[in-house]
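Please walk me through this model in the viewer, one selection at a time. I would like to know what to pick next and what is found there.

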Amino acid sequence: MKRYLFFFTSALFFTAMNAQAESFWLILQNSTYGIEKIEMKNMSQCEEQGKEYKKSSGIPRYLCLIGK
């Protein structure tokens, strides 16, 4: 009985952890290859890298998205 209880609580815990997980994606448009996506650590890093891309490439199109 204890084994099943342990299994059930473990499964519930890991399911809850996966539901909370978020990913942050920097979507870039470039003239040569079309669209690129790069996973980022957090939203502030995404915005920072998008602004750097905008300055360096001259192409002002980037987007930061939150995914799961």
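## The disulfide

This is a predicted model, and with a cut-off of 2.5 Å between cysteine sulfur atoms, the count comes to one disulfide. Select Cys46 and Cys64 and show their side chains: the disulfide joins these two, with an S to S distance of 2.2 Å. Cys46 sits in helix H2, residues 43-57, while Cys64 belongs to strand S3, residues 62-67, so the bond ties together parts that are 18 residues apart in sequence. Set up a dihedral about the S-S bond of Cys46 and Cys64; the torsion is about -105°, so the disulfide is left-handed.

Are the two cysteines buried or exposed? Cys46 has a relative accessibility of 0% and counts as buried. Cys64 has 14% and is also buried, because the cut-off is under 20%.

Keep Cys64 selected and expand to its contacts. Leaving out residues up to four places away in sequence, Cys64 touches Trp25, Leu26, Met43, Cys46 and Glu47.

## The nonpolar core

Next, select Phe24, Leu26, Leu28, Met40, Cys46, Tyr53 and Cys64. These seven residues form the largest nonpolar core, and both cysteines of the disulfide are in the list. Which elements give two or more residues to this core? They are strand S1, residues 23-30, and helix H2. S1 gives the most, with three residues.

## Rings and a lysine

Now colour the aromatic side chains. A search of the whole structure for aromatic pairs returns zero. Trp25 does have a partner of another kind: Lys37 lies over the face of its ring, 4.9 Å from the ring centre. Trp25 is also one of the residues touched by Cys64.

## Strand S3 at Leu65

Move to Leu65, which is in strand S3. Its relative accessible area is 38%, so Leu65 is partly exposed. Apart from residues up to four places away in sequence, Leu65 touches Ser23, Phe24, Trp25 and Ile27. Among them, Phe24 is a member of the largest nonpolar core. For a distance label, pick the C-alpha atoms of Leu65 and Glu39: the two residues are 26 apart along the chain, and the atoms are separated by 9.6 Å.

## The loop at Pro60

Select Pro60, in the loop between H2 and S3. At 53% relative accessibility, Pro60 counts as exposed, because the threshold is over 50%. Add Asn30 to the selection and label the C-alpha to C-alpha distance: Pro60 and Asn30 are 9.4 Å apart in space and 30 residues apart in sequence.

## The whole chain

Finally, clear the selection and switch to a cartoon view. The chain has two helices and three strands, and read along the sequence they follow the pattern α-β-β-α-β. Of the 68 residues in the chain, buried residues make up 18%. How much of the contact set with a separation of 6 or more comes from residues 24 or more positions apart? Such residues account for 44% of those contacts.

Turn on the surface as a last step. The accessible surface of the chain comes to about 5,900 Å², and 61% of this area belongs to carbon and sulfur atoms.

Conventions:
Residues numbered from 1 in each chain as written. Predicted model: local features only at pLDDT ≥ 70, side-chain atom pairs only at ≥ 80, totals over all residues. Heavy atoms only, no water. Helix = DSSP H or I, 4+ residues; strand = E, 2+ residues; numbered from the N terminus. Buried < 20%, exposed > 50% of the residue type's maximum accessible area, 1.4 Å probe, protein only. Core = buried A, V, L, I, M, F, W, Y, C linked by side-chain atoms within 4.5 Å. Contact = heavy atoms within 4.5 Å. Phe/Tyr/Trp six-rings, centres within 6.5 Å; stacked < 30°, edge-to-face > 60°. Lys NZ or Arg CZ within 6 Å of the ring centre and 35° of its normal. Areas by Shrake-Rupley, 256 points an atom, 1.4 Å probe, with all protein chains shown as cover.
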